[in-house]
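Dear colleague,

I am passing this structure on to you, and I would be grateful if you could look through it with the notes below beside you. The notes begin with the strands and then move on to a helix and the charged pairs.

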Amino acid sequence: MNRSCPIFGPPCQRCSCAGISCQPLFPGMKVEWPELTGVSGLEAKRRIEHDNPKVVAVIIPDDVAVVAINCCNRVILRVPVNNCPNGPVLNIPHVG
């Protein structure tokens, strides 16, 4: 794992939604960012946290396993392990 890309985030606030189905929890705020796929991880994090101040974007190298639980206070950004945290976002970022 690349030590320049620490994996930290807030404790998970579990919910039963992901993506657009979380919209009722965030009225007037974005919950999906398909336009950020391919954008630098750090830039995507900045834009997500600006668009929805109730979430924290967490940049994770693509070789790290992530437990499949829905956290409505986090957005996962997967980037290449050899270019973390600046690499392009590989997934479609969304809440949950």
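In this model, which is a predicted one, strands S1 and S2 run parallel and are joined to each other by 6 bridges. If you would like a place to start looking, take Val56, whose bridge partner in S2 is Arg74. S1 covers residues 56-61 and S2 covers residues 74-79, and of the 6 residues that make up S2, 5 are buried, so that this strand is mostly covered because buried here means a relative accessible area under 20%.

Helix H1, which spans residues 41-51, has three residues that count as buried, namely Gly41, Ala44 and Ile48. Around the helix axis these residues cover an arc of only 60°, and they therefore sit on the same side of H1. As for what they meet there, the buried residues of H1 pack against both S1 and S2.

The charged side chains come next. Side chains of opposite charge can pair when their charged atoms come close. How many salt bridges does a search of the whole structure find? The search finds 3 of them, and they are described one by one below.

One salt bridge is formed by Glu43 and Arg46, with a distance of 2.7 Å from N to O. Both residues belong to helix H1, where they are 3 residues apart, which is about one turn of the helix. Glu43 is partly exposed at 28% relative accessibility, and Arg46 is likewise placed in the partly exposed class, at 48%.

Another salt bridge links the side chains of Glu49 and Lys45, at 2.6 Å from N to O. These two residues also lie in H1, and their separation of 4 residues again amounts to about one turn of the helix. With a relative accessibility of 26%, Glu49 counts as partly exposed, and Lys45, with 24%, falls into the partly exposed class too.

The remaining salt bridge brings together the side chains of Glu35 and Lys30, with 2.5 Å between N and O. Glu35 is partly exposed, its relative accessible area being 39%, and Lys30 is partly exposed as well, with a relative accessible area of 30%.

When you open the model, you might begin with H1, looking at the side that carries Gly41, Ala44 and Ile48, and then turn to the pairs Glu43 with Arg46 and Glu49 with Lys45.

With best wishes

Terms used:
Residues numbered from 1 in each chain as written. Predicted model: local features only at pLDDT ≥ 70, side-chain atom pairs only at ≥ 80, totals over all residues. Heavy atoms only, no water. Salt bridge = Lys/Arg side-chain N within 4 Å of Asp/Glu carboxyl O. Buried < 20%, exposed > 50% of the residue type's maximum accessible area, 1.4 Å probe, protein only. Arc of directions from axis to C-beta. Contact = heavy atoms within 4.5 Å. Pairing = 2+ DSSP bridges.
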